[in-house]
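User: I'd like to go through the labels on this model and see what backs each one. Can you walk me through it?

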Amino acid sequence: LSETGCQKAILVGHNASFDHSFLLAACQRHSIKFMFHSFSTFDTATLSALALGETVLAKALQVSKIGYDASAAHSALYDVEQTAKLFCHIVNHTKYKV
């Protein structure tokens, strides 16, 4: 945030509402400043439904030809990396640029 001069970050997740709530609760529990915007998120499950016709991360990754490794799935690092790739794919391949 300091590098870009932004005051709040936008959370990108495949179930962003869950992730947002989980992180907010953890920050409150440990008295850590919550760095994410209070109500804005990018949810790749919803974006995938619109752009790819799929809401399940594995299926959206397969349709987008990013690839999916079932043995690595559900590890936090793998899921976040694949979700980031999926988000970039959707943004870069949509005719409506944000």
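Analyst: Below we take the fold, a helix pair and a pocket in turn. Keep in mind that this is a predicted model.

User: Fine. What makes up the protein, and what pattern does it follow along the sequence?

Analyst: There are four helices and two strands. Reading along the sequence gives β-α-β-α-α-α. The C-alpha trace spans about 40 × 35 × 20 Å along its principal axes.

User: Why are α2 and α4 called oblique to each other?

Analyst: Helix α2 (residues 44-52) and helix α4 (residues 76-92) pack at an angle of about 40 degrees. Angles under 35 degrees would count as roughly parallel, and 65 to 115 as roughly perpendicular. The angle of about 40 degrees falls in neither range, so the pair is oblique. Their axes are 10 Å apart, and α2 passes α4 in a left-handed crossing.

User: Which residues make that contact?

Analyst: From α2 you get Thr44, Leu47, Ser48, Ala51 and Leu52, and from α4 Thr83, Leu86, Phe87, His89 and Ile90. Contact here means heavy atoms within 4.5 Å. By class, that's six nonpolar, four polar and no charged residues.

User: Now the largest pocket. How do you know which element gives the largest share of its lining?

Analyst: Count by element: α4 supplies five residues, the largest share. Both β1 (9-13) and α4 supply at least two residues each. The pocket holds about 360 Å³ of space.

User: What makes a residue part of the lining, and which classes turn up there?

Analyst: A lining residue has an atom within 4 Å of a pocket point. Among those lining the largest pocket are Leu11, His14, Asp19, Leu57, Asp79 and Thr83. The lining divides into six nonpolar, four polar and two charged residues. Asp counts as charged, and both Asp19 and Asp79 are in the lining.

Note on methods. Residues are numbered from 1 along each chain as its sequence is written. This is a predicted model: local features need pLDDT of at least 70, side-chain atom pairs count only at pLDDT 80 or more; totals for chains, interfaces and linings use all residues. Side-chain values use heavy atoms; hydrogens and water are left out. Axes are lines fitted to C-alpha atoms, for helices over the stretch in contact, and angles run from 0 to 180 degrees between N-to-C directions. Angles under 35 degrees count as roughly parallel, over 145 as roughly antiparallel, 65 to 115 as roughly perpendicular and the rest as oblique. A crossing is left-handed if the near helix is turned anticlockwise from the far one by less than a right angle, and right-handed if clockwise. On a 1 Å grid over the protein atoms alone, a cavity is a set of points where a 1.4 Å probe fits but cannot get out, and a pocket is an open set with protein on both sides within 12 Å along at least five of seven lines; lining residues have an atom within 4 Å of a point. Grid points are joined across faces, edges and corners, and a volume is the space filled by probe spheres set on the points.
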